[in-house]
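Grab a coffee and work through these exercises with the model open beside you. Each one sets a task and then walks through a solution.

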Amino acid sequence: MSDLRSEIKREIESGEFNCEKELTLSIISGKWKIIIIYYLGTEGVLRFSEINRLLPKISHKVLTTQIRELEEDGVVHREVFAEVPSKVEYSLTPLGESLIPIVLMMDEWGKKNIKHFPVAKNG
């Protein structure tokens, strides 16, 4: 995943970039990024622990990495408040908010088409 991000950044910087779909994919690729964007877009400003509660299967390390990459790409804003204990809040930037229609369309597509895929049964 980070290789794709690095490659896209190199192509943009060198003027060799020619596929906007690759750019979009490099920003939202990662198992949890779309879900993080979804929750920040639908729930609003969230603290790390709140995001973690919404995604119980994600490890602390992976969540930190995914949020940092979204922040680095300008999709997520991280605000640190000068208080003890420290308080950090995450929100979408205007660039991140522009992804919400795409994420909602992906959600709707999944709901409509999940019936076409085998679903694991519990037990």
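The chain holds seven helices and three strands; helices (H or I, at least four residues) and strands (E, at least two) are DSSP runs, numbered from the N terminus. This is a predicted model, where local features need pLDDT of at least 70 and side-chain atom pairs count only at pLDDT 80 or more, while totals for chains, interfaces and linings use all residues. Residues are numbered from 1 along each chain as its sequence is written, and side-chain values use heavy atoms, with hydrogens and water left out.

**Exercise 1. Get an overview of the chain.**

Step 1: Read along the sequence and you get α-α-α-β-α-α-β-β-α-α.
Step 2: Check the extent: the C-alpha trace spans about 50 × 50 × 25 Å along its principal axes.
Step 3: Look at burial, where buried means under 20% relative accessible area, exposed over 50%, and partly exposed in between (1.4 Å probe, protein chains only). Of the 123 residues in the chain, 30% are buried.
Step 4: Turn to contacts, meaning heavy atoms within 4.5 Å. Among those with a separation of 6 or more, 48% join residues 24 or more positions apart.
Step 5: Add the record. UniProt, in an unreviewed entry, puts "domain: HTH hxlR-type" at residues 19-118; its positions are given in the numbering used here, feature names are shortened, and annotations may be inferred rather than shown by experiment. That span is 58% helix and 14% strand, and its end C-alpha atoms lie 33 Å apart.

**Exercise 2. Describe how α3 packs against α2 and α5.**

Step 1: Know what to report: two packed helices are described by the angle between their axes and the distance between the axes. Axes are lines fitted to C-alpha atoms, for helices over the stretch in contact, and angles run from 0 to 180 degrees between N-to-C directions.
Step 2: Take α2 (residues 20-28) and α3 (residues 33-43), which pack at about 80° with axes 8 Å apart. So α2 is roughly perpendicular to α3. On this scale, angles under 35 degrees count as roughly parallel, over 145 as roughly antiparallel, 65 to 115 as roughly perpendicular and the rest as oblique.
Step 3: Name the contact residues: α2 brings Ser 26, Ile 27 and Ile 28, and α3 brings Lys 33, Ile 34 and Ile 37. Sorted by class, that contact has four nonpolar, one polar and one charged residues. Here Ala, Val, Leu, Ile, Met, Phe, Trp, Tyr, Cys and Pro count as nonpolar, Asp, Glu, Lys and Arg as charged, and the others, Gly among them, as polar.
Step 4: Now α5. The axes of α3 and α5 come within 10 Å and cross at roughly 70°, so this pair is roughly perpendicular.
Step 5: Lys 33, Ile 36 and Ile 37 of α3 meet Leu 63, Gln 66, Ile 67, Glu 69 and Leu 70 of α5. That contact has five nonpolar, one polar and two charged residues.

**Exercise 3. Is Lys 33 buried or exposed?**

Step 1: Find Lys 33 in helix α3.
Step 2: Its relative accessible area is 0%, so Lys 33 is buried.
Step 3: Pick a partner: Gln 66 sits 33 residues away in sequence, yet 6.1 Å away in space, C-alpha to C-alpha.

**Exercise 4. Check the spans of α5 and α7.**

Step 1: The expected span of a helix is 1.5 Å times one less than its number of residues.
Step 2: Helix α5 (residues 60-72) has 13 residues and reaches 18 Å, close to the 18 Å expected. Buried in α5 are Leu 63, Thr 64, Gln 66, Ile 67, Glu 69 and Leu 70. Just past α5, Gly 74 has a positive phi of about 80°.
Step 3: The 14 residues of α7 (residues 100-113) should span 20 Å, and the end C-alpha atoms are 20 Å apart, which agrees. Ile 100, Val 103 and Asn 113 are buried in α7, and their cover includes α3, β3 (87-92) and α6 (94-97).

**Exercise 5. Which residues does a cis peptide bond join?**

Step 1: Val 84 and Pro 85, with omega about -5°.
Step 2: Place Pro 85 in the loop between β2 (76-81) and β3.
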